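Here is a short report for a reader who is new to this structure. Keep the sequence and the 3D view at hand while reading.

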Amino acid sequence: MTRESREISVGVLTLFIFASFFALVSTGQDNSTKTDEEHYRVSAIFNRVDGLLPGDEVRMGGIRIGSVESQQLDNRHRAVLIFAIDKAVELPLDTSAAIHTSGLFGSKYVEIEAGGDFDYLTEGDEIMFTQDSLVISDLLELIIAEGESRQAN
């Protein structure tokens, strides 16, 4: 096998691995729509939602309880997300929502933490307590800066 044919083989294999990875990640999203009778909608406001898209999962305790239905900017340039939550899941008024990543470079999802209030969110209510998406590059910069400051001491 010549050097040129080996390079072509390695390139084709690399392309195949990337395509397989992309197909695996994209099939993890369930973009099916259910009827309005099965969901109620709540909103939440975030400063950053990097990589979170309509159709991505909303989870509680690692279990899917809904999906991101839509996203838009409000008049203060913050991201407003609308979640379609299964009606079987009652969320207390003091529920919080945070954007997480599956693994280091995986897909984004919203993790819901139920509060302890005795009253529950209903159609059109807003989740008041939110945590923005963490950007990996920002985290890496923070780790590098911390390491450099420790070396300087």
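Counted from the N terminus, the elements of the protein follow the order α-β-β-β-β-β-β-β-β-α. That makes two helices and eight strands. The model is predicted.

**Confidence**

The mean pLDDT of the protein is 87. Of its residues, 89% reach 70 or more. Among the elements, strand β1 (residues 39–46) has the highest mean pLDDT, 98. Helix α1 (residues 3–26) has the lowest, 74. Over residues 29–33 the pLDDT is below 50. Beyond near neighbours in sequence, this stretch has five contacts in the model.

**The sheet**

In what order do the eight strands of the open sheet lie? The order is β7-β1-β4-β3-β2-β6-β5-β8, and the pairing is mixed. The edge strands are β7 (126–127) and β8 (129–131), each of which pairs on one side only.

The table lists four of the pairings.

| Strands | Sense | Bridges | One pair of bridge partners |
|---|---|---|---|
| β2 (residues 57–60) and β3 (residues 63–73) | antiparallel | four | glutamate 57 and serine 67 |
| β3 and β4 (residues 79–86) | antiparallel | seven | glutamine 71 and leucine 81 |
| β2 and β6 (residues 108–113) | parallel | three | valine 58 and valine 110 |
| β5 (residues 96–101) and β6 | antiparallel | six | histidine 100 and tyrosine 109 |

Take β2 to begin with. On one side, β2 runs antiparallel to β3. On the other, β2 runs parallel to β6. Methionine 60 stands opposite isoleucine 112 in β6.

In a regular strand, side chains alternate between the two faces of the sheet.

**Three hairpins**

The hairpin of β2 and β3 has two residues between its strands. Glycine 61 in this hairpin takes a positive phi near 60°.

β3 then forms a hairpin with β4, with five residues between them. Which residue in this turn has a positive phi? Histidine 77 does, with a phi of about 65°.

β5 and β6 also form a hairpin, with six residues between them. In that turn, glycine 103 has a positive phi of about 75°.

**Inside the protein**

Why is β6 largely enclosed by the rest of the structure? Five of the six residues of β6 are buried, so the strand is largely enclosed. In the order of the sheet, β6 lies between β2 and β5. Across the protein, buried residues make up 27% of the 153 residues.

How far apart in sequence are the residues that touch? Among contacts between residues at least 6 apart in sequence, 64% join residues at least 24 apart.

**At the surface**

The protein exposes about 10400 Å². Carbon and sulfur atoms supply 58% of that area.

One nonpolar surface patch covers about 570 Å². Leu134, Leu139, Leu140, Leu142, Ile143 and Ile144 make this patch. Isoleucine 144 lies in helix α2 (residues 136–152).

**To look at again**

Start at β6, where five of six residues are buried. Follow its three parallel bridges to β2. Then cross the four antiparallel bridges from β2 to β3. Seven more bridges lead from β3 to β4. Finish at the nonpolar patch that includes Ile144.

Terms used: Residues numbered from 1 in each chain as written. Predicted model: local features only at pLDDT ≥ 70, side-chain atom pairs only at ≥ 80, totals over all residues. Heavy atoms only, no water. Pairing = 2+ DSSP bridges. Buried < 20%, exposed > 50% of the residue type's maximum accessible area, 1.4 Å probe, protein only. Contact = heavy atoms within 4.5 Å. Areas by Shrake-Rupley, 256 points an atom, 1.4 Å probe, with all protein chains shown as cover. Patch = residues over 30% accessible without salt bridge, like charges linked within 9 Å, V, L, I, M, F, W, Y side chains within 5 Å. Salt bridge = Lys/Arg side-chain N within 4 Å of Asp/Glu carboxyl O. pLDDT = per-residue confidence, 0-100.
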